[in-house]
Structure formats: structure tokens, C-alpha cells
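Work through the exercises below with the sequence and the model open. Each task is followed by a solution in steps.

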Amino acid sequence: MTVDDAEFRRKVRADVPHSARVWNAWLGGKDNYAVDRELADAVTAAYPQTAAVAQASRAFQARAVRHLAGLGVRQFLDVGTGLPVENSTHEVAQAVVPDARIVYVDNDPIVLIHAAALLAGAPEGRTAYVDADLAHVDAVVDEAAKTLDLTEPVAVLLLSTLGHLTPPDGIRVVQQYMARMPSGSFLVLCDTVKTPQTLAAQEAYDSGENPPYLVREPEEITGCAEGLELLEPGFVSIPFWRPDEEDPAPVDQWGLVARTP
Ligand SMILES: C[S@@+](CC[C@H](N)C(=O)[O-])C[C@H]1O[C@@H](n2cnc3c(N)ncnc32)[C@H](O)[C@@H]1O
């Protein structure tokens, strides 16, 4: 994969916050610019739980991937990947099943630059990166199918990413992904539920230049899994999804893992 320098410079805006970089700032990463940190701080000022939500999302991702790998799932499609941080999907999955195959999907040029870190998986497995708009479901899945065997179950991850799609696009897009997956596949989904506090965060995040992030009613999240079978414990505030610790603290990020019939 090559990155055209001029095209890269055009796409990377150091003066406009990028979702992947702002998220990286909340996670305590270093792959972000001043403009991203300023927005991250503004949202945190409006909604102090923000960093806890980001950490909880990553922890949910790790627990869900580990659980599914333990059930024998060997293929993962991580849509809206973000910048590489600890416990990337291939690290967690391949620690359980070394021959697991993982395809990452994002459309941020900085994530593309860092994709090499996502592709250094276990030699027994395979990893790939698709630089595409996640809303172009058929194009993404066709490209992913060069790495994934779509006759075998796939876990589709959409974590803290749905908010970038305007309702009702979220439900439609997720359902399109699941319709392309074989029987016995899984959806792993989490996003921010609408409360007065998260609406304040949404408002603070919308600087007018970066794409907005829209918080959702619970049914706009569960609607994505319509017709699928929810794994226990169902749709919950994500720290309560098969927690590793006792008495986790709730966050306004809810999630689910569901299986296709
Ligand atoms: C808030 S981050 C979440 C990252 C990761 N899923 C996690 O939970 O750590 C959202 C990610 O979705 C990506 N994204 C947003 N809109 C997208 C689109 N239309 N197509 C592909 N990726 C998109 C952003 O670039 C960013 O990396």
C-alpha cells in the first residue's frame, strides 16, 4: 500500500480535529495535534466522563473479542478502527487463536499511516487494512473478503463509531454488514446513549468543522441487532458486559454482542 504525498497532505488537516486523533487524546495517546487536544479538553469540560467512556470502550472491545475467540471465532472485521493502541483486535484475538484473521477499516489518513502497526500480527494469522468509507458496505466487504473467508463466521466490530453516521443510517449500515456475513457471525457494537450530559458533550464536540458525533436513543443502538440473538448479559452499560472486575462503574456507553441466525 502506498500513500500519495500530495493526497495525504490534502486529507490530513492539522487545523481541523479528526475523530481518530481526538479519541487518541482521550485515551492518553501521542498521535494527536493541538487542535485535537483542544477539542478533547472542551468536550471533557462539558462532560467529565469522556475519557472514562473511551477507556471503557477499549476494555469492552478486548473482553468481547477475547470471549468470541474463546467461542472459536477466527475472523474479525473491525470497522472504524482508530489509531493503534494497546489491545488492538489482532493482539487480543491472536493471543487466543494465533491463526485469527483480522481486517481493519477506517478512512482517516493518519490511521492509514499507522496501519503497519495493525498489520504486524502473528505469523499464523492474517491482518489487512481497508482504507474506505465504512458506509460503502459492499466495497468494504468485497475488499475484506480478500482476507476473510465469508463462508465462515465473522465478528463485525463497530465500537464508538456509529455516532458518525446520521440516523437512520446507522441501523441500515450495520444491518447491511450483517446481511453480508454468513450464519453464526457476530455483531459487537457500542455507542453513546442520549442523556442531558451526553447531549452537552455532543454539542461541545461539534466545532462546526469536524464531522459531528451524534449520541443515540437506546433503541437506535439495539435496532442494529434486530433479528439477531443477544449474548448474555444483553444490552448493557459496557463495563457490565462480562466484567473482569467486581462492581464496575457504569458509563453512558452501552453495548451488545449478538449472533446472526
Ligand atoms: C471514536 S473513534 C473509535 C475508534 C475505535 N473503534 C475504538 O473504539 O477505539 C471512531 C473511528 O471511526 C473512524 N470513522 C469515522 N467515520 C468513518 C467513516 N465514514 N468511514 C470509516 N471510518 C470512519 C474515525 O476515523 C475513527 O478512527
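**Exercise 1.** Locate Ser 88 in the chain, decide whether Ser 88 is buried or exposed, and list what Ser 88 touches.

Solution. Step 1: Ser 88 sits in the loop between strand 1 (75-79) and helix 5 (89-96); helices (H or I, at least four residues) and strands (E, at least two) are DSSP runs, numbered from the N terminus. The model is a predicted one, in which local features need pLDDT of at least 70, side-chain atom pairs count only at pLDDT 80 or more, and totals for chains, interfaces and linings use all residues. Residues are numbered from 1 along each chain as its sequence is written, and side-chain values use heavy atoms, with hydrogens and water left out.

Step 2: The relative accessible area of Ser 88 is 4%, so Ser 88 is buried. The cut-offs are under 20% relative accessible area for buried, over 50% for exposed, and partly exposed in between (1.4 Å probe, protein chains only).

Step 3: Not counting residues up to four places away in sequence, Ser 88 touches Arg 58, Tyr 104 and Leu 118. Contact means heavy atoms within 4.5 Å.

**Exercise 2.** Which residues of helix 2 are buried, and what do they pack against?

Solution. Step 1: Helix 2 covers residues 19-26, and 7 of its 8 residues are buried, so helix 2 is largely enclosed by the rest of the structure.

Step 2: The buried residues are Ala 20, Arg 21, Val 22, Trp 23, Asn 24, Ala 25 and Trp 26. They pack against helix 3, helix 4 (50-70), helix 6 (109-113) and helix 10.

Step 3: Gly 28, with a positive phi near 80°, follows helix 2.

**Exercise 3.** Describe how helix 3 and helix 10 pack, and classify the residues of their contact.

Solution. Step 1: Helix 3 (residues 34-46) and helix 10 (residues 196-205) have axes 8 Å apart and pack at an angle of about 155°. Axes are lines fitted to C-alpha atoms, for helices over the stretch in contact, and angles run from 0 to 180 degrees between N-to-C directions.

Step 2: The two helices are therefore roughly antiparallel, a term for angles over 145 degrees.

Step 3: Helix 3 contributes Leu 39, Ala 42, Val 43 and Ala 46 to the contact, while helix 10 contributes Ala 200, Ala 201, Ala 204 and Tyr 205.

Step 4: These residues divide into 8 nonpolar, no polar and no charged. Ala, Val, Leu, Ile, Met, Phe, Trp, Tyr, Cys and Pro count as nonpolar, Asp, Glu, Lys and Arg as charged, and the others, Gly among them, as polar.

**Exercise 4.** How many salt bridges does the whole structure hold? Which residues are joined into one network by salt bridges that share partners?

Solution. Step 1: The search finds 7 salt bridges, each a side-chain nitrogen of Lys or Arg within 4 Å of a carboxyl oxygen of Asp or Glu.

Step 2: One of the pairs is Asp 36 with Arg 21, at 2.6 Å, N to O. Asp 36 lies in helix 3 and Arg 21 in helix 2, so the pair ties together parts that are 15 residues apart in sequence. Asp 36 is buried at 0% relative accessibility, and Arg 21 is buried with a relative accessible area of 0%.

Step 3: Asp 138 pairs with Arg 180, the closest N and O atoms being 2.8 Å apart. Asp 138 is partly exposed at 47%, and Arg 180 is partly exposed at 29%.

Step 4: Asp 142 also meets Arg 180 in a salt bridge (2.9 Å, N to O). Salt bridges that share partners thus join Asp 138, Asp 142 and Arg 180 into one network.

Notes
Angles under 35 degrees count as roughly parallel, over 145 as roughly antiparallel, 65 to 115 as roughly perpendicular and the rest as oblique.
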